[in-house]
Amino acid sequence: MNMRATLTLGIVVGFLLSATGCGDETTAPADETPVAAALASVVPSGGATGIDPNTMIRIGFTHPMQAGMQMYAVLHEGGAGGPLVDGTWAWSGDMMHLTFQPTEPLEHQTEYTIHLGGGMRDAEGNPIDWEPSSQHMGGEWCTADMLGGMMNHMMGPGWMHENGTYGMGFMFTTS
């Protein structure tokens, strides 16, 4: 084989090896965008009535969540600006289920609001996709007016959603 043919063959082989990446793909294809976690369930859902005052609040996500996100989950008596209910939030081992156990049973025939911060993130750091919760679980965006004004502690970065609201509220009524 002459020098010119050898050089041409070397260029072609080099091109083919670089095009295939030698089987060591290090990045995801450009058309694959990360899928953010969404709410999978809220129990009790927004608008529910006749809820047992001894109920445990359960929030499910479609992907594992970032550690510490429970600090952006609260239960209010009344609306999203109402007093906080004492209790404990805890993650399941897989970080996909958050539960709230009130310190004392909830009051009978009383409205409560589960308030989840709009800046919550999944384990990969992606913001939560809130659309399913507003359409199928009775969620409502929490505005500054609903929270009682600009001095409320639930208006910081973990509470703020990119749409300017302060997360999602799910109001329910006990029996």
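**A Guided Look at a Predicted Chain**

Visitor: Where along the chain is D122 found?
Guide: This is a predicted model, and the description begins with one residue of it. D122 belongs to a stretch that precedes helix α2, which covers residues 131–136. That stretch is the loop between β6 and α2.

Visitor: Is D122 buried or exposed?
Guide: A residue counts as buried under 20% relative accessible area and as exposed over 50%. The relative accessible area of D122 is 2%. Because this value falls under the 20% limit, D122 is classed as buried.

Visitor: Which residues are in contact with D122, leaving aside its neighbours within four places in sequence?
Guide: Contact is judged by heavy atoms within 4.5 Å. By this criterion, the partners of D122 include I128. The others are V35, A36, A37, H63, P64, M65 and Q66.

Visitor: How many Å separate the C-alpha atoms of D122 and M95?
Guide: M95 is found in the loop between β4 and β5, and it has a positive phi of about 60° although it is not a glycine. Along the chain, M95 and D122 are 27 residues apart. In space, their C-alpha atoms are separated by 9.2 Å.

Visitor: In what order do the elements of the chain run from the N terminus on?
Guide: The chain holds three helices and eight strands. Read from the N terminus, a helix is followed by a run of strands, and helices and strands then alternate to the end. Written out, the order is α-β-β-β-β-β-β-α-β-α-β.

Visitor: What share of the contacts with a separation of 6 or more comes from residues 24 or more positions apart?
Guide: The chain has 175 residues, of which 38% are buried. Its contacts can also be sorted by how far apart the partners stand in sequence. Among those with a separation of 6 or more, the share from residues 24 or more positions apart is 72%.

Visitor: Which residue is joined to V43 by a cis peptide bond?
Guide: The omega angle of this bond is about 0°. The partner of V43 is placed in the loop between β1 and β2. The residue in question is P44.

Visitor: Which residues does M56 touch, not counting residues up to four places away in sequence?
Guide: M56 lies in the loop between β1 and β2, and its C-alpha atom is 8.7 Å from that of P44, twelve residues apart along the chain. Its relative accessibility is 26%, so M56 counts as partly exposed. The residues M56 touches are V43, T99, F100 and Q101.

Visitor: Is T55 buried or exposed?
Guide: T55 lies in the loop between β1 and β2, and its contacts beyond four places in sequence are with P102 and L106. The relative accessible area of T55 is 16%. Because the limit for this class is under 20%, T55 is buried.

Visitor: Why does Q70 count as partly exposed?
Guide: Q70 is placed in the loop between β2 and β3. Beyond four places in sequence, Q70 touches W89, W91 and L98, and its C-alpha atom lies 9.2 Å from that of T99, which is 29 residues away in sequence. Partly exposed covers the range between the 20% and 50% limits. Q70 falls in that range because its relative accessibility is 28%.

Visitor: Which residues gather with D86 in a patch of negative charge on the surface?
Guide: D86 has its place in the loop between β3 and β4. With a relative accessible area of 60%, D86 is exposed. Asp and Glu count as negative. The residues that join D86 in the patch are E77, E104 and E107.

Visitor: What is the relative accessible area of Q109?
Guide: Q109 is found in the loop between β5 and β6. Its phi is near 45°, a positive value in a residue other than glycine. Q109 is classed as exposed because its relative accessible area is 69%.

Visitor: Which residues does E140 touch, not counting residues up to four places away in sequence?
Guide: E140 has its place in strand β7, residues 140–141. Its C-alpha atom is 9.9 Å from that of W130, ten residues apart in sequence. The residues that E140 touches are M146, G167, M168 and G169.

Definitions and conventions
Residues numbered from 1 in each chain as written. Predicted model: local features only at pLDDT ≥ 70, side-chain atom pairs only at ≥ 80, totals over all residues. Heavy atoms only, no water. Patch = residues over 30% accessible without salt bridge, like charges linked within 9 Å, V, L, I, M, F, W, Y side chains within 5 Å. Areas by Shrake-Rupley, 256 points an atom, 1.4 Å probe, with all protein chains shown as cover. Salt bridge = Lys/Arg side-chain N within 4 Å of Asp/Glu carboxyl O. Charge placed at Lys NZ, Arg CZ, Asp CG, Glu CD. Helix = DSSP H or I, 4+ residues; strand = E, 2+ residues; numbered from the N terminus. Buried < 20%, exposed > 50% of the residue type's maximum accessible area, 1.4 Å probe, protein only.
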